[in-house]
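Notebook open, coffee poured. Here is what I looked up today, in the order I went through it.

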Amino acid sequence: MRPLTNNMRGIAAIPVLLGLVTVIVLFLIPKFVHSTYALHMMILIFISIIMGSGWNLLGGYTGQYSVGHAAYFGAGTYTTMILLQYHHLAPWYGVWAGAIMAVIVALVIGSICFRLRGPYFVLASIAVAEIFRVSALNLKNLTNGAEGILITEVPPLRIGGMVITDFMSKVPFYYAGLVIVLVVILVTWRVQNSKLGYYFQAIREDQDAAHSLGINLSLYKNIALSLSAIFTSLAGSLYGLYVGFIDPGTVLGLDLSVQIVMTVIIGGIGTIFGPVIGALVLVPFSEALRSNMIAQALIDSGLVREDSGFGVFLKEQLSHAHVLIYGILLVVVIMYMPDGVMGFIKKLAAKGRKVEAA
Amino acid sequence: MAILEIKDVSKFFGGLAANLDVTFEIQKGMIMGLIGPNGAGKTTLFNCITGYYPPSRGEIVFDGRRMNGLHPDAVCKLGMARTWQKVRPLAKMTVVDNVMVGALCRTNSLAKAREMAIEQIKVVHLENREAFQAGSLPIGERKKLEVARVLATQPKLLLLDEVMGGLNPAESDEIIQLILDIKKLGITQMVIEHDMKAIMRISDRIVVLNSGEKLAEGSPEEIVSNKAVVHAYLGESNA
């Protein structure tokens, strides 16, 4: 292998400029794009990025593969929604209460699961998250059980006496999502370039070695978990407020936990932009499958005849098969891009440099 | 002055005594060799001293402070650091980052840690490997990396668990030189080693363990001429 060049400063200017342009464009999009469907997709992508990045702090950097992150998503969204619907507390405060609740849940789960390592940690994280789902299902007085919570109105956001937004359109959710995405990316970047990030990665690489180098394992694992839980709960609160309805199966289910992990695995684990790429790939992909867009496109393009047996099959069945195709996608990614799309890009770039040098 | 006192330390796994009433002292600045046949309890003793196992009985006093019950991270912060028999590089991090993790035990600033790391990398002569991934290094360099990493935690006492294991003679010689260089820096060392020639050369004093118990202690010359030690290693003499 070849050592990395230390000419980083010059190279870094281009991505920074690119990032700034992207951010400006993203802020301007709602001014020019009025398609509610496009905004809807963007909001879903933002939520996916936020929860993926949250998971990445614990799973990607610290190497603790939690498959129970729905617990934090659910803790956040249930707190926010209950406070809003039954206690009329504005979400502006509710989401922070949700984040605090998620951290409390995280510390409880951490105290149980961090005793375990590797696959045992994974299993414990699933089991504990399921406890929360079943509890939410049965604590009917608190959570309204399987019927879920339907928000009947979101009070307008005020600062002082001024109404900032009334949350009637998708635009405020778009901006809320975008801001949290930027914050989570910034936090991840900051963590990666600090003592915290070094300690997280040391724990990921070898816990015993890390321990012998003066790293308090349970302290740093709990810091990673708490940070992770905060962002996952923010994603949850945003989701709950945006959709206006939550129930235990959707916001506390194993499906959600797996989806969070998959977003990061496909994008690239332990990288800042892995979750972003994962979300950009997975959300539109699953949406296209679900809404029969792919079947329709195949028929429209003339590749498959609508009245043929296969065409009818696609039209009727493909949308039901999205979980199956999700799975196939995961297998393909693991086989051909073991470090996710980000790792694949890095590898291509390295190859390109080698060709250039030769 | 004794930097480390081991007083009647025992460690039981069920009914098995991996260490039984082991007692010795290490004086400041010296190199203490710890030898013994396979299964003698050398690594177990290291694990007890550095906080990986709580000793079942007895007391470990480091720099005047009782260490029993402290966790490995606290032990490291107090100035006692160890390497591993089976090297444990942080494989996906670079050499410099590996050593920085050690240095971050003493500072919160990455810049300062990088400075300290580069200094230690020079001590072990890995300058031209700084930007390499630790996992890509050959075994000899991994062992040196391991040493640089613990040196960066600024230990007063260094415990080296078979740093020469699996190395060829030329590499072993480099490590011997390294251990002697570290002694010159004023750092006390305890060294587990199977290579008798090496351990005799570097040690000021040697403790021999056999079946968990201390069999002998003395200068290298005393140890080679000790009948019990020769017996433990080679078995009953037929002559």
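I began with what the buried residues of H8(A) pack against: helices H2 (36–61), H7 (171–192), H9 (207–212) and H10 (217–243) of chain A, together with helix H3 (95–103) of chain B. Contact here puts two C-beta atoms, placed from the backbone, within 7 Å. Helices (H or I, at least four residues) and strands (E, at least two) are DSSP runs numbered from the N terminus.

This is a predicted model, where local features need pLDDT of at least 70 and side-chain atom pairs 80 or more, while totals for chains, interfaces and linings use all residues. Residues are numbered from 1 along each chain as its sequence is written, with chains lettered from A and ligands numbered from 1 in the order written.

How many residues of H8(A), 195–205, are buried? I found 10 of 11, among them A:Tyr198, A:Phe200 and A:Arg204. Buried takes 20 or more other C-beta atoms within 10 Å of a residue's own; exposed is 12 or fewer, and partly exposed lies in between.

Next, the interface: 19 residues of chain A are in contact with 27 of chain B. H8(A) gives the largest share of the chain A side, 6 residues.

Then I turned to chain B, where 6 strands form an open, mixed sheet in the order E6-E7-E8-E3-E9-E10. Pairing needs at least two DSSP bridges. E6 (80–82) and E10 (213–218) of chain B have a single partner strand each, so one side of each lacks a neighbour in the sheet. Inside this sheet, E3(B) and E8(B) run parallel, joined by 4 bridges, and B:Gly33 stands opposite B:Val191.
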